[in-house]
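Trainee: I would like to learn how to read cavities, cores and a helix face in a model. Where do we start?

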Amino acid sequence: EAFPELARQLFGNVRLDFANEPLERRRLRSVQFGGCRVSELEAGSHSVFGECVARASHDPDSLKLLIQTKGASLIRQSGRTVVFGENMPVIYDPTRPYTLVNRTPVRLVMLQLPRDPFPERVLSALAAPIAPRHDLAGLWHVLLATLRSSLIEAARLDPLGRQKLGAALVHMVRPLLEDSVSGEQVR
């Protein structure tokens, strides 16, 4: 029952609509790694509304990268709709109004990244969601494996280790995101 409030604490000012989804089917695990947060979510079909988005001191100032490993979803933002799934990510700026519709039960890994390390041209391109270039699929799969192992090994890392892993995640994502923006491909 605390799931919606926990989601707001971790992901910012969002509203969730689970319709008739049973509570016991929702699972969320989340770990902070320096300036990054890695979360794994499993839930039935539901929608996420980021329509009242406003940067506030308590909201995470981050970009979101979702890699869905099960299910079918779409995200609408700034007049663009991106359909995603199949272990490929979608990247978006959650400080802009959006609607995320998980049309089926889903399992996904989410990476929240601080926006500071990214150049302005990347941040500007994220006015609408971006699906990555297909030729980068292998690298995104490596990132997914890294995110999953990060969640598994988190308890074995001391604070400095978590900080270093967060920096490494930003370092891994930055060229992938910059390449996706430069050759932007929307499905």
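Mentor: With the cavities, keeping in mind that this is a predicted model. The count comes to two cavities of 30 Å³ or more. The largest has a volume of about 180 Å³.

Trainee: Which residues are the closest to the centre of the largest cavity?

Mentor: They are Phe 11, Leu 16, Leu 41, Val 48 and Met 110, out of 17 lining residues. Two or more lining residues come from each of H1, strand S4 (46–49), S5, strand S9 (99–102) and S10. H1 gives the largest share, three residues. By class, the lining has 14 nonpolar, two polar and one charged residues.

Trainee: Which residues of H1 are buried?

Mentor: First the general idea: an α-helix has 3.6 residues a turn, so residues three or four places apart point the same way. In helix H1 (residues 3–11), the buried residues are Phe 3, Ala 7, Leu 10 and Phe 11. Viewed down the axis of H1, they fall within an arc of 75°, so they line one face of the helix. Their cover includes strand S1 (15–17), S2, S3, S5 and S10. Just after H1, Gly 12 has a positive phi of about 100°.

Trainee: And the nonpolar cores?

Mentor: In soluble globular proteins, nonpolar side chains tend to be buried together. Here the largest nonpolar core has 33 residues, and Leu 111 and Leu 177 have the most contacts inside it. Helix H4 supplies the largest share of this core, seven residues. Apart from it lies another core of 21 residues, including Val 48, Leu 66, Tyr 98 and Leu 100.

Trainee: What does Leu 111 touch?

Mentor: Leaving out residues up to four places away in sequence, Leu 111 touches Cys 36, Arg 37, Val 38, Leu 63, Lys 64, Leu 65, Leu 147, Leu 169 and Val 173.

Methods. Residues are numbered from 1 along each chain as its sequence is written. This is a predicted model: local features need pLDDT of at least 70, side-chain atom pairs count only at pLDDT 80 or more; totals for chains, interfaces and linings use all residues. Side-chain values use heavy atoms; hydrogens and water are left out. A nonpolar core is a set of buried Ala, Val, Leu, Ile, Met, Phe, Trp, Tyr and Cys residues joined through side-chain atoms within 4.5 Å. Buried means under 20% relative accessible area, exposed over 50%, partly exposed in between (1.4 Å probe, protein chains only). Helices (H or I, at least four residues) and strands (E, at least two) are DSSP runs, numbered from the N terminus. Contact means heavy atoms within 4.5 Å. The arc is that of the directions from the helix axis to the C-beta atoms. On a 1 Å grid over the protein atoms alone, a cavity is a set of points where a 1.4 Å probe fits but cannot get out, and a pocket is an open set with protein on both sides within 12 Å along at least five of seven lines; lining residues have an atom within 4 Å of a point. Grid points are joined across faces, edges and corners, and a volume is the space filled by probe spheres set on the points. Ala, Val, Leu, Ile, Met, Phe, Trp, Tyr, Cys and Pro count as nonpolar, Asp, Glu, Lys and Arg as charged, and the others, Gly among them, as polar.
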